[in-house]
Every structure is written in structure tokens, then in C-alpha cells.
Amino acid sequence: MRRLLAAVAMVMCIAFALALTGCGGSQEQQKESDEPKTLHAGSTTYFYAESMDPASDWDSWYLSYYGIVENLFKVGDDLTPQPWLAKSATQTDKHTWVVELNEGITFSNGEPCDAAAVKKAWERTYAENSRGAETLAYKSLSAEGNKLTIVTKEEVPSLKNALCDPLLCVYYVGKGVDYAKETPATGPYMKKSFKAEDEIVLVPNKSYWNGTPKLDEVTLTCFADDNAITMAMQKGEIQAVAMPSASTAATLNDESKYTRMSTTSSRADFIRMNMKHDVIKNDAVRTAVAYCIDREGYASTICQGSAVASWSVYSSTLPFGGTDGLNVKVSTCDVEAAKKTLEEAGITDSDGDGVRELNGKPVELSLYVCTNYERFTQLADDLQSKLGEAGIKLKIVPTDYFLEDSKTFAKDDPDMTLDSYAMAPTGNQSYFVNISFASDGSNNFGKYFNAKVDELAKKLEASTDDNERNTLVREISQMVLDDVPYVFFANSEAVVICDKSVTGLAAAPSEYYFVTVDTDVE
């Protein structure tokens, strides 16, 4: 009898449990389904926004990468401009374009994003950031409903490319906005909390116009070094790494656990010379530095194959890049050639202490290196050794910040810096020319000046023929190679490594996008 009662009781319990399951699952299963979907990603270099203000320095680039701000057009994987907030951009005469926005777009605060809102955003950005006029020099803007009319100072055939630049992103301008702390925008995510150059936590923009964000929360954290971010990924503390170092990528190579996304970009790693300093003004010194950079070793060993050695200015993946047709004076790492160059310039070691003298003073150079770039710290050590062998004393100055604005560069006043830029993120030939090679460029921190380069830069900006534009930028490249105000030594890939459960992150060749409306965690 006891056995029968026990059996009946057991059957009843099973039936009850099955009934519960049929009505929506067990309490444990229900709890799991109610848990928020979150993503935690890390980077040593790409989550470094100083503020939430799209008009401040390079913060618009970070905010685009985070999925907070959007542009009228976006860069496709083939580096061509594609409609985004705008549905079209039509040129009505040489200097006039009419851009029509999509209907029904609002900012994260619920305010409408129409042509007048774009006009307000741009006017504020141009007033705050000198790169605005370099990106798109307009004469006037006028707004009517969802139509924005842009009248340019010169003919701008690459206007759609310019509209992709994050600096021309669209954000809300109005009373009561503390832009440094939070700026309403149109992207799929918005700020929940923010600590400058450290961490940002994002939540969905519930009024997003182009789909439904998949995640309840996204946390993007800056890591101090590659060991820390690698360990965090291995322990499951983060689920994705943006632009990992070569050592991190090599460690996180288990294809059963991780997905690796990569694409060729226009990014170049380079040395920037401070042309205001007497020792740097010497052509032989700059050329000797160029000879002592082991580009092949950097690409194959330090970057472990995730970069390609460069002997030119622009990546060979670009139609105006590579070395074809250019006179490349430095085409190998050659310490003996560096010595010969210095000797022929009369820069000798007269007192036998191993350091050459220029105008009676030892040739000593300072190189500022942000330690967030593991690959740069390794290159700096190798360069120090080779320059020492050539008779130049190199002092490496490590920093935990980037010299990416004129104020910081002027304050530190280095002889040289190691840097990394996307050279043509929208495919526009004039982008890097305008900001770095032109004498009045906002990022020409080293004050390079060549009157012919300035002349060609203006001609390039005004040219409407793509073949002519490619020819002009190659002429400028030749002058930069001859003058050596920069030494471009490698081109790298855009890489993202994520857990197998993560989908929808972008590894874009423009490096403008990372978190998207499609980003999800299974």
C-alpha cells in the first residue's frame, strides 16, 4: 500500500512539474529568461573618450564607435559612402547639395532629428573644433523640414565621404545639455554612466529609429595593459576585445571559444617629427631615424603578421597608396646607411663617446610612447638600440596618454612621437593631407611646412576628377617621403575578437563602428 501511495504521489508530482513547465517553464528557467542581456567588452586603446561631447577633440570618433552617435552617411565595407540618417544627397550645382533625411528620426531625449537639428549640431561643432572646416568647408547651411541645403566654398565632389566623418555626426543642441557629461543623439545606445578614459556603461535608446537594440546593457572598459585584458577574456570577465595587440590575438586563438573578425584598413603606424626643434630640422638626422626602423621585423615579429611593412605614406590597399611610381629613398632597415648619411652631413663623433655631435652638441632625441600600445613600446626599444649603434642617443619617454591634440603636444614638446591614424577612413584622398600635411592642418602638431604641398592640397580639395585626385595625393606623398616630417612604417588590420556567444559587433575598415543595433549575446 505504501508503495502504491508513493507511486501515485510521484506520478502526481511529475504531472504537476510538467504542468508548470507547460505553463512557462520552471522557476529556474523563468529566472534565466528574465535575466538582462549584457555585453562587456575591453580595449587598451579604443574606449578612450575624454568626454561625451561630439565636438571635443576626437570624442565624436569614440562616440560613433560606442554606437551613440550617427551620421548622415556611413562608410561601407568597401570604403564607399552609403545613406544612413539621410536617404539621399543630390548635387544641384557646383557648390550646392541638398540632403534629404529619413522621416521620423528622434534623438534619445525624444526631440526630432530634422534638418534644423543637423544645422544646429554642425554649427556648434564647427565653432568648437578646428577640424570641422578641414572636413567640409561650407559657405552656408539652410534647413527646411527634412531637407538640408549645403552650399560649399569650393566644389566638393567627395561631399558624401565627408558626411561619413564622425566629426559631422548629428546630436541634439538645446538648453540644459551638459555636453561633456551626456549628449542626446540618434544611435542605438545611450550613456548610463561614464568615467573619462576609463569606462562607459550603455543602455538602449528606446526611441531608436532603425531597429531594436538587442542588449539591455553594454559596458566598455579601458584596460591598462595587454596581460590584463587577455586574462579578463580568458576568465570570462569580458566577452570581446576591440583592436587587440598581437600578443593578445595570438593567445586568444582557440577557434572553438573565440571568433576573430578582421579587415584591412587604411591605418598607418608612424613617427611624427617635431620640425620646430633644431636637431630634428636636420635632414640627415630624420633620414637616419627612417633607416633605423625595422619595419619588416615590426610587422612579422612584434605585430605577429597583423600588420604589413610600409615604405610609403599610404597603404597599398588604397588606389593612391603603395610605392609604385614613387622615388623611395629609404627602402630597407640599414644602420650602416644611417651612419653614412650622418657622416656625409658632417655629423660625427669627435670625442669618441659613441654619440655624434651636431653644431657642437650631442645628437640626443626624445621619443614619446603611449604604453597602451604594446607594439610601440617594443618598437621603441629596438629603435633605441639601432640609433645608438648609429651614434644617436634616444631617450624613450613613456606616457599613459596620447599626444593627440595640439595643446598636449605643445606642453610635452617632444622631438618625436609614435602615432597611429586611419589615413583615409572614408576613402577621401584629401582627409589626412588636410589635417596633417597642410601647414595649417589641425593635426600638424610638428609644424611641417612645404609651400608646394600647401598648393597641391588646395588643388586636391578643389579637384572633381578622381584620377586627378589620386595623382595629386601621390605627388604630395613623394614630397613627404623626400622631406621626412613623418616616417610611415606599417599598415595594420582592424581586428575584433569575441566569445562565440557574441554576434553583431563591427570590425569596420573605417574603424568608425563597433557596437551596432545588431550586437547580441546568445
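**Group meeting: a pocket, a sheet and a helix pair**

I will begin with the largest pocket, which holds about 450 Å³ of space, and I should say at once that what we are looking at is a predicted model. Its lining is made up of 15 residues, and those that lie nearest the centre of the pocket are A133, N434, D440, K458 and E461. If we sort the lining by class, we find 7 charged, 6 nonpolar and 2 polar residues. Which helix gives the most to this lining? That is α16, with 5 residues, and among the elements that each supply at least two residues we have both α16, spanning 451-462, and α5, spanning 131-135.

Let me turn now to the sheet. Here 4 strands come together in the order β4-β5-β7-β6, forming an open sheet in which the pairing is antiparallel. The edges are taken by β4 and by β6 (138-144), each of which pairs on one side only. On average, and ignoring direction, neighbouring strands of this sheet are turned by 20° against each other. Against the sheet packs helix α4, residues 115-128, which touches β5, β6 and β7, and whose direction makes about 150° with that of β6.

Going through the pairings in a little more detail, strand β4 (residues 86-93) runs antiparallel to strand β5 (residues 96-101), and 6 bridges join the two. The connection between β4 and β5 is a hairpin through 2 residues, and within this pair Q91 stands opposite W97 of β5. On to the next pairing, where β5 is joined by 5 bridges to strand β7 (residues 147-152), again in an antiparallel arrangement; here E100 has K147 in β7 as its bridge partner. As a reminder for reading the side chains along these strands, in a regular strand they alternate between the two faces of the sheet.

My last topic is a helix pair. Two packed helices are described by the angle between their axes and the distance between the axes. For helix α10 (residues 283-291) and helix α12 (residues 335-344), the angle is about 175° and the axes are 8 Å apart. Because angles over 145 degrees count as roughly antiparallel, α10 is roughly antiparallel to α12. From α10, the residues A284, V285, T287, A288 and Y291 meet A337, A338, T341 and L342 of α12. What classes of residue make up this contact? The contact of α10 with α12 has 7 nonpolar and 2 polar residues, and no charged ones, whereas the lining of the largest pocket, to return to where I started, has 7 charged residues.

Note on methods:
Residues are numbered from 1 along each chain as its sequence is written. This is a predicted model: local features need pLDDT of at least 70, side-chain atom pairs count only at pLDDT 80 or more; totals for chains, interfaces and linings use all residues. Side-chain values use heavy atoms; hydrogens and water are left out. Two strands pair if DSSP finds at least two bridges between them. On a 1 Å grid over the protein atoms alone, a cavity is a set of points where a 1.4 Å probe fits but cannot get out, and a pocket is an open set with protein on both sides within 12 Å along at least five of seven lines; lining residues have an atom within 4 Å of a point. Grid points are joined across faces, edges and corners, and a volume is the space filled by probe spheres set on the points. Ala, Val, Leu, Ile, Met, Phe, Trp, Tyr, Cys and Pro count as nonpolar, Asp, Glu, Lys and Arg as charged, and the others, Gly among them, as polar. Axes are lines fitted to C-alpha atoms, for helices over the stretch in contact, and angles run from 0 to 180 degrees between N-to-C directions. Angles under 35 degrees count as roughly parallel, over 145 as roughly antiparallel, 65 to 115 as roughly perpendicular and the rest as oblique. Contact means heavy atoms within 4.5 Å.
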